[in-house]
Amino acid sequence: MNLINCPECNHEILDRIGTICPSCGHNVTYFEGDKKRKLYGKFFAMSIFFPFISFITIVFTSGNLIALSIASILYLFLATLSCPLRFKDLFFTGYEKLVFWVIWGVSNSFIAAITYNSFSKLL
Ligand SMILES: [Zn+2]
């Protein structure tokens, strides 16, 4: 546990989520405190936007074999970047971890299926 300064009144408090500042009543949230929590916002955005980018790219390049191959490489790269395995220190609860693994797994298998179908149409 580390101490941070309360963003409201500068009083020293614990960086743990849910800590209530004894001096002003401010409640510590996810995005305050250590670097990990700032990374959380980045990871959250990745989990949403990367599959979306991959999906759009695969759909738009599905008519051309070379373009689709490049899109597939981009998709694999983005899927690796946003993999929850890289962020395993970030999760506070097992439930949170599960939610992100499910989001990652479902969205990426969906894109993998589309990629496979596009390739089999072209080959
Ligand atoms: Zn305070």
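Phenylalanine 100 is buried, with a relative accessible area of 5%, where buried stands for under 20% relative accessible area, exposed for over 50% and partly exposed for anything in between (1.4 Å probe, protein chains only). This residue lies in helix 3; helices (H or I, at least four residues) and strands (E, at least two) are DSSP runs, numbered from the N terminus. The model is a predicted one, in which local features need pLDDT of at least 70 and side-chain atom pairs count only at pLDDT 80 or more, while totals for chains, interfaces and linings use all residues. Residues are numbered from 1 along each chain as its sequence is written, and side-chain values use heavy atoms, with hydrogens and water left out.

Helix 3 makes a convenient place to begin. Its 29 residues (residues 94–122) should span 42 Å at 1.5 Å a residue, and the end C-alpha atoms are indeed 42 Å apart, in agreement; the expected span is 1.5 Å times one less than the number of residues. Alongside Phe100, the buried residues of helix 3 include Glu96, Ser107, Asn108, Ile111, Ile114, Thr115 and Ser118. An α-helix has 3.6 residues a turn, so residues three or four places apart point the same way. Phenylalanine 100 and serine 82 are separated by 18 residues in sequence and by 9.9 Å in space, C-alpha to C-alpha.

The partner to look at next is helix 2 (residues 65–81), whose axis comes within 11 Å of that of helix 3 and crosses it at roughly 165 degrees. Axes here are lines fitted to C-alpha atoms, for helices over the stretch in contact, with angles running from 0 to 180 degrees between N-to-C directions. Helix 2 and helix 3 are therefore roughly antiparallel to each other, a label given to angles over 145 degrees. Serine 62, in the loop between helix 1 and helix 2, counts as partly exposed at 28% relative accessibility. From serine 62 to leucine 122 the C-alpha distance is 8.1 Å, with their positions 60 residues apart in sequence.

Turning to the metal site, the zinc ion is coordinated by the SG atoms of Cys6, Cys9, Cys21 and Cys24, at 2.2 to 2.3 Å. Donors are N, O and S atoms within 2.8 Å of the metal (3.2 Å for Na, K and Ca), and sites may look incomplete because water is not among the atoms. The 4 donor atoms subtend angles of 104 to 115 degrees around the zinc ion, which makes the arrangement tetrahedral; four donors earn that term if all angles lie between 85 and 135 degrees. For comparison, the ideal angle for four tetrahedral donors is 109.5 degrees. Along the chain, the zinc donors follow the spacing C-x2-C-x11-C-x2-C. Distant parts of the chain are linked by the pair of cysteine 6, in the loop between strand 1 (3–5) and strand 2 (12–14), and cysteine 24, in the loop between strand 2 and helix 1 (35–61), 18 residues apart. Cysteine 6 is buried, at a relative accessible area of 1%, whereas cysteine 24 is partly exposed, at 37%.

Several other loop residues fill in the picture. Asparagine 10 sits in the loop between strand 1 and strand 2 and is exposed, with a relative accessible area of 56%. The phi angle of asparagine 10 is near 70 degrees, a positive value in a residue other than glycine. The loop between strand 2 and helix 1 holds aspartate 15, which is buried at 4% relative accessible area. Aspartate 15 and threonine 29 lie 14 residues apart in sequence and 8.8 Å apart in space, C-alpha to C-alpha. Histidine 26, in the loop between strand 2 and helix 1, counts as buried at 15% relative accessibility. Between histidine 26 and isoleucine 13 there are 10.0 Å in space, C-alpha to C-alpha, the two being 13 residues apart in sequence.

How values were computed: Tetrahedral: all angles 85-135°; square planar, octahedral: opposite > 155°, others 65-115°. Parallel < 35°, antiparallel > 145°, perpendicular 65-115°, else oblique.
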